[in-house]
Each structure stands twice: as C-alpha cells, then as structure tokens.
Amino acid sequence: MTIDVVSTQPIEGQKPGTSGLRKKTRTFMEPNYLENFIQSIFNAIGGVEGKSFVVGGDGRYFNAEAIQTILKMAAANGAKKAIVGQNGLLSTPSASHLIRLNKTDGGLILSASHNPGGIDEDFGLKFNIQNGGPAPESVTDAMIEQTRTLQSYAILRAPDVALGQIGSQSLGDMSIEIVDPVADYLVLMQKLFDFDKIRALFASGFTMRFDAMHAVTGPYAKAILEGALGAAEGTVVNGVPKEDFGGGHPDPNPVWAKPLMDLMMSDASPDFGAASDGDGDRNMIVARGLYVTPSDSLAVLAANAHLAPGYTSGLKGIARSMPTSAASDRVAAKLGIEAYETPTGWKFFGNLLDAGMATICGEESAGTGSDHVREKDGLWAILLWLNILAERNMSAADILADHWQTFGRDYYSRHDYEAVPADAAGQLMNDLRAKLADLPDQNFAGQTVKRADEFSYHDPVDHSVSHNQGLRIFFESDARAVFRLSGTGTEGATLRLYLEQYAPRGTDHGRDTQQALQSVRDAAREISGLTERLGRDAPDVMT
Ligand code: G16
C-alpha cells in the first residue's frame, strides 16, 4: 500500500474551543480541512509512531467518512493500533473508558455533542489524552500552533475499513480492532451500581421514560435499562441513532426535550424521566411534575452517592464549573470535603480527578460524572439516580424537596442568546469588564452588588492559570449573575447569562424558578444593557 504525502497550507480558524474543534459539517468536508486538523493533532502530540488510539463518534453525518480518513492517516503516520466502535459509534464516556481500559495513547472522538447534525449542521473532532479526558490547554495550544504552520499530511492509499465487522483487521501495518460499543461500558456500570436493587425497583412496577433523542445512547440505554435492568420495553424512546438526530437538537434540556417534559408534567407521567445528548455525555433528569436542574442534580448525587456500591467509601471532593450553582458546595461543606470551582469545560476536571482530589464533578450544562472515566457521563448519572431511588424508596421529587429542606434551594437558570453578532457580544463583555470595579454597593432592580470580578482559574495540581473565564456579579441577597461567551457555538456568538438566587432553609422553596430569579435577571440586564445591545427582548433558550 502507498503512503501519499500531500502538500497543504494552514487553514485559518482551526482553534479548538470548549470541547475540541466544532464547525459546520460542510467546513469539515472542504478539501484538506479534516486532514489538516488530524495531522496537526498527530504532530502536536509528538507523532503517533507505535502508538494506539481509540476512535469513535456519535454517528452524525460524516462520522463514518471522517473515521476512514483518521484511520488511513494514523496508519500512514505509523500508529500501531486503533480500537474502533462498531459502525464508528462510541459514546464519549465509553470512548473515555476504552482509552483507560486499554491503556491507549489517547483517542479521537467525533462529535459536536448537543449541536444538530447533518450536512448543513455541525460536526466536531476532539482529542482525548491517555487518562481518557479531553486534551488540556497545553495540548490544544500545541495543536493550534501546528494548524498555523502545517505544510503536509500523510495518508494511506487503501480500501475502506469494514467498520461493521467486529474483530481484528489490518490497515497497512496498523491493526484495527472493531468492538461492540456497549459491552465494556456495561461491565463498568455493573461495578459501580447495584443492578440487582435497580432491577427489583423496575420489577416492583417503577416506570421510566428515557429519551435517547435519536442519538448515540440509544443502543446503550436499550442494553442497560431494558436489557440488564429489566425496564419495560418502550422505556427507551428515539433509541436508534440517526445521522441527523431526526432533524432535532440532541440537547437534553426542557426546550429540546420538550416531548419528555410534556409527558413528565402530565397525568400520564411515569415515575422518572431522563434524556441524553448527541454523544451521550450530557443528561437531563425529570421527576414527576418537576424538572431537576443540572446543578441540583449534581448536589443530590453528591449527597447520596454513598448509597451506590462504587462510592460507599465516600467522596474525596466535589468539583463544579464556575457558572454551576453553589448547591454542590453546600453538600461538600456538610460532608467536610473540598469543593472546587473550575472554568467551563470538562478538561479542567482531569487534573483534580487524576490527583484523587475530587470524586464527583458537574456542570450546569447538563454534565455530571465521576472518577470512573474522564468525561461527563449521561447514563452514569441516570443510573446513579436510579440506584439512589431504589435505596431511598422515595420519589425523585421527594428526594429533591428533602434536599432543599436540608441545604436550602439555589434557584437557577441559564439564559442563552444564540447566534448574536459576535462584535456586539464582544463589546458587551468588554464594556462590562471595564465597569466591574465600580459596581460594588450600587443598586440595580432592587439588588445591591456585593462584589464583581472576572474569573481566573489557578489549577491546584499543575499550577497553570486560565484567564477570562467569565464575568461574575455577586449580590447582597445571595444572588449571582454570570456573563460568558460560549465556546461551542458555530454561528456568530452565543451569550450565556447564568442566574442564581439562594433561598435558605426554612424559606419558600416552591416558587416558579423564573419568578424567583426575576430581580437578579433584571439587575443583570440593567447592568449590561443586554436588551438594547443585542436587540433581543428574550433569550432563545432558558434551561
Ligand atoms: C461542552 C463541554 C462542557 C461545557 C459545554 C458548554 O459540552 O464539554 O464542559 O460545559 O460544552 O460550553 P460552552 O458554554 O462554552 O458552550 P458538550 O456536551 O458540548 O461536549
């Protein structure tokens, strides 16, 4: 077989964001676009000679074609082995697990996560390192450097790999192992959770609806929930992965998972509802009649994790991203363990998990996970909830009410202004940054500012510093507003406004969330001039 060394030129804008490189699918399909980025990854990690990798993706449009290119380039660059999910499918957490289990040198994960898929929608590629987690900034910086100077890439001229065929194949001198995407992941879940207890819960008549949103978790959920745990057939809906996710946004939130929300708010509601996203790392939890915010879910899971076999010895620490509510900090304080606050992006949890400083991590963006892998893990969170429900013998809504009674409630919502002009959003952030120092003691919409700053993270493990991670305004009333530009959008800019208001123990915990947040929202809008600057009266999405 022949190796072609193809000359190329640097392509602008190949800068990984919050989670790898995400662009329009057509951009990825442009000549040399994908190849340049793959070669830049390989060069940035010091070449791939003799190395092994996991390769898989969420099955979106262009997934299989891109995998063929990755494999041919890995072979041409001297890689020793690739472990690939059958038909190119691997959920992000199961890819992370396979990297760790097989001690590979990393993995290439193809996904634009919760973004829609299709030729006119989004595509993405990211590299995960040996610990199974997303490459840290030191590595992504090296990739960016490579994309700016790249002159050529190498690719093997060879027939396509048979991605559907489980077992060993070879491609040039590289061996390829096509694996069942679910098998090893299921074994891991069986170690962490009490499957007998959860099976007994389902056998007793407990009902659930899991919406796989036509994305990658369908086969996993069917095998685990309906298979190993005996949930009724039909518990998993939209369970066959589609290239375009059925035309929807595979984003598990009340807006994009509306049919599930509607069911859970109706008289026909099952006992428990859940959904996962495009690549299976996000989750949404819905109790009968009650949406559980990701921040609350993290806090409840942390407070009850000891009930599951994998966590009986307790937690070492709890980590959350900065915009996530303080609910989990309250749990950490009660448990007498450390609470960590990191920038948005799962990659920032990697060091804490590797160092044994944190056991459970979570983000307001529907991500929860633990030290079992180095990615957030949607099904893991759902199984931990099920394990807790089976142990506590209470409804999910009662568990939440009990949690608030113990810790108080952090009312929380994220308001997204999507595809706004990048310059207007940038200007808003710059102007707000410039006035942070003057805000303390001023009044806005009935809220008095206590302090305001721009968040920087000092990693306690490798001592790296990440600046410009969001503008925070804290109010005297125990409220907070955070402004941040998304790092995962592919069109214009997405401005995220994160709102939070604490209601202490013994106060009213039954208010409507948006009403409870109205005054901090008004204050945030007034301070930033958001409505006029963006020309938007209301956010596109509220989670
Ligand atoms: C990614 C990251 C998460 C992050 C989220 C939102 O999630 O892995 O850590 O919280 O994006 O990021 P942003 O606010 O910058 O858009 P996913 O599920 O898209 O991989």
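On the far side of helix α11 from its buried residues, Ala333 and Lys334 are exposed. I begin with this helix, and I should say at once that the model before us is predicted. Helix α11 spans residues 327-335, and within it Ala327, Ser328, Val331 and Ala332 are buried. These four residues lie on the same side of α11, because they cover an arc of only 140° around the axis. The general principle is familiar: an α-helix has 3.6 residues a turn, so residues three or four places apart point the same way.

Helix α7, residues 195-203, can be read in the same manner. Which of its residues are buried? They are Phe195, Ile198, Leu201 and Phe202. The arc that these residues cover around the axis is only 120°, which puts them on the same side of α7. Asp196 and Ala203, on the other side of α7, are exposed.

Let me turn to the strands, beginning with β3. Strand β3 comprises residues 52-57, and 6 of its 6 residues are buried. In a regular strand, side chains alternate between the two faces of the sheet. In β3, one side carries Ser52, Val54 and Gly56, the other carries Phe53, Val55 and Gly57, and both faces are covered.

What are the partners of this strand? One is β4, residues 81-89, which pairs with β3 in the parallel sense over 5 bridges. Within that pairing, glycine 57 stands opposite leucine 89 of β4. Between the two strands the chain passes through helix α3, residues 63-76, and the resulting β-α-β crossover is right-handed. Another partner is β5, residues 107-110, which runs parallel to β3 and is joined to it by 4 bridges. Here glycine 56 of β3 stands opposite isoleucine 109 of β5.

Strand β4 also holds a residue that deserves a remark on its backbone. Asparagine 87 is placed in β4, and it has a positive phi of about 60° although it is not a glycine. Asparagine 87 is partly exposed, at a relative accessible area of 46%. A second asparagine may be set beside it. Asparagine 32, also not a glycine, has a positive phi of about 70°. Asparagine 32 sits in the loop between α1 (25-28) and α2 (33-44), and it is partly exposed, with a relative accessible area of 22%.

A further parallel arrangement is built around strand β10, residues 208-211. With β12, residues 272-276, β10 pairs in the parallel sense over 4 bridges. With β11, residues 236-237, β10 pairs in the parallel sense over 2 bridges. Aspartate 211 takes part in both pairings: it stands opposite alanine 275 in β12, and its bridge partner in β11 is valine 237. The chain goes from β10 to β11 by way of helix α8, residues 217-228, in a right-handed β-α-β crossover.

The next sheet is of another kind. It is an open sheet of 7 strands with antiparallel pairing, in the order β20-β21-β24-β25-β26-β19-β27. Which strands form its edges? They are β20 (443-444) and β27 (541-542), each of which pairs on one side only. Further in, β21 (residues 447-454) and β24 (residues 471-475) run antiparallel and are joined by 5 bridges. One residue pair in this arrangement is aspartate 453 with its bridge partner in β24, arginine 472.

Beyond β26 (493-503), in the loop that leads to α16 (513-516), we find glycine 510. Is glycine 510 buried or exposed? Glycine 510 is exposed, with a relative accessible area of 68%. The C-alpha atom of glycine 510 is separated by 45 Å from that of leucine 101, and these two residues are 409 residues apart along the chain.

I close with the ligand. Around it are 19 residues, of which Thr18, Glu363, Gly487, Thr488 and Arg496 come nearest. Several atom pairs can be described individually. A polar side-chain atom of serine 113 lies 2.7 Å from an oxygen atom of the ligand. For lysine 376, a polar side-chain atom lies 2.9 Å from a ligand oxygen atom. Glycine 487 approaches through its backbone: an N or O atom there lies 2.6 Å from an oxygen atom of the ligand. How much of the ligand does the protein cover? Of the 470 Å² of accessible area that the ligand has on its own, the protein covers 99%.

Terms used. Residues numbered from 1 in each chain as written. Predicted model: local features only at pLDDT ≥ 70, side-chain atom pairs only at ≥ 80, totals over all residues. Heavy atoms only, no water. Buried < 20%, exposed > 50% of the residue type's maximum accessible area, 1.4 Å probe, protein only. Pairing = 2+ DSSP bridges. Right-handed = clockwise from strand over helix to strand, strands pointing away. Near = heavy atom within 4 Å. Polar contact = N/O pair within 3.5 Å; in protein donor to acceptor, adjacent residues only side chain to side chain. Areas by Shrake-Rupley, 256 points an atom, 1.4 Å probe, with all protein chains shown as cover. Arc of directions from axis to C-beta.
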